[in-house]
Structures are given as C-alpha cells and as structure tokens.
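Work through the exercises below with the sequence and the model open. Try each task before reading its solution.

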Amino acid sequence: MRTIAIACLAALTACAQPRIVYERPNTSLEQVAQDERECRFEAVRATAGMTGGNPFTVEADRFNANTQVFIACMLARRYTRAVYRD
C-alpha cells in the first residue's frame, strides 16, 4: 500500500507544469495583471474567427495561435518570459 502511494506521488510530481511568469522591471503586480488581461483579450479577438484546416485539430490550432498572439503581445510590451519549475 505504501509503495502505491509513493508511486502515485512520484507520478504527480513528474506531471507538474512549469509556472510561466511575465516580468518587467519597476512594474507593479496590478499593472502586470492588467497587461495580461489586455493581451488575452487581443489574443482571443485575433483568433476567434479561425476556421478551416483539419476539423480534428482546429481547436488545438486555435489554442496554439492564441498562445502565440498572447506571448507576442506581452513581449511587445517589453516583458520577459520566465519559466519556473517548482
């Protein structure tokens, strides 16, 4: 029983997602949150009309495009993207 619990804990730890944070010197957390909201809105607006292509992958394609637009928006606002693994 104990080995099963340890194996489950190890599997959960291995699946932990990295934490992605956008940072910019001298920027408050409120400003970062506002910029993230605005960039998410822009990304959704830019990718909302995506259709066509493979019908089995259209949602994944839209998600990937949305993510790329969001990242580009944050980088255009001079943020750096930091990845933390807890």
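**Exercise 1. Place Ile71 and find its partners.**

Is Ile71 buried or exposed?

Solution. Ile71 is buried, because its relative accessible area is 14%. The cut-offs use a 1.4 Å probe and protein chains only: buried is under 20% relative accessible area, exposed is over 50%, and partly exposed is in between.

Next, place Ile71. It sits in helix α3. Helices (H or I, at least four residues) and strands (E, at least two) are DSSP runs, numbered from the N terminus.

Now list its contacts. Set aside residues up to four places away in sequence, and Ile71 touches Tyr22 and Arg81. Contact means heavy atoms within 4.5 Å. Ile71 and Arg81 are 10 residues apart along the chain, and their C-alpha atoms are separated by 8.4 Å.

Two notes on the numbers. The model is predicted: local features need pLDDT of at least 70, side-chain atom pairs count only at pLDDT 80 or more, and totals for chains, interfaces and linings use all residues. Residues are numbered from 1 along each chain as its sequence is written, and side-chain values use heavy atoms, with hydrogens and water left out.

**Exercise 2. Check the length of α3 and its packing.**

How far apart are the end C-alpha atoms of α3? Which residues of α3 are buried?

Solution. Start with the expected span, which is 1.5 Å times one less than the number of residues. For the 19 residues of α3 that gives 27 Å, and the end C-alpha atoms are 27 Å apart, so the two agree.

Then take the buried residues. They are Val58, Phe70, Ile71, Cys73 and Met74. The buried residues of α3 pack against β1, α2 and β2.

Last, add a contact from α2. Thr47 is found in that helix. It is buried, because its relative accessible area is 4%. Leaving aside neighbours within four places in sequence, Thr47 is in contact with Arg62, Ala65, Asn66 and Val69.

**Exercise 3. Describe the largest pocket.**

Which residues line the largest pocket?

Solution. First, the definition. On a 1 Å grid over the protein atoms alone, a pocket is an open set of points where a 1.4 Å probe fits, with protein on both sides within 12 Å along at least five of seven lines; lining residues have an atom within 4 Å of a point.

Second, the volume, which is about 200 Å³. Grid points are joined across faces, edges and corners, and the volume is the space filled by probe spheres set on the points.

Third, the lining. It consists of Ile20, Val21, Tyr22, Glu36, Arg40, Val44, Asn66, Thr67, Phe70, Ile71 and Arg81. The elements giving two or more residues to this lining are β1, α2 and α3. The largest share, 4 residues, comes from α3.

Fourth, the chemistry. The lining divides into 6 nonpolar, 2 polar and 3 charged residues. Ala, Val, Leu, Ile, Met, Phe, Trp, Tyr, Cys and Pro count as nonpolar, Asp, Glu, Lys and Arg as charged, and the others, Gly among them, as polar.

**Exercise 4. Sort the salt bridges.**

How many salt bridges does the structure hold?

Solution. There are 5. A salt bridge is a side-chain nitrogen of Lys or Arg within 4 Å of a carboxyl oxygen of Asp or Glu.

Take one between elements. The side chains of Arg24 and Asp35 meet at 3.5 Å, N to O. Arg24 lies in the loop between β1 and α2 and Asp35 in helix α2, so the pair ties together parts 11 residues apart in sequence. Asp35 is buried at 4% relative accessibility, whereas Arg24 is partly exposed at 21%.

Now take two within helices. Arg45 and Glu42 meet at 2.8 Å, N to O. They are 3 residues apart in α2, so about one helical turn separates them. Arg45 is exposed at 55%, and Glu42 is partly exposed at 31%.

Arg62 and Glu59 also form a salt bridge, at 2.8 Å, N to O. They are 3 residues apart in α3, about one helical turn. Salt bridges that share partners join Arg24, Asp35, Glu38 and Arg77 into one network.

**Exercise 5. Locate the positive phi angles.**

Where does Arg78 lie? Where is Asn26?

Solution. Arg78 lies in the loop between α3 (58–76) and β2 (80–84). Its phi is positive, about 70°, although it is not a glycine. Arg78 is exposed, at 65% relative accessible area.

Asn26 is in the loop between β1 (19–23) and α2 (29–47). Its phi is about 55°, and it is not a glycine. Asn26 counts as exposed, at 85% relative accessibility.
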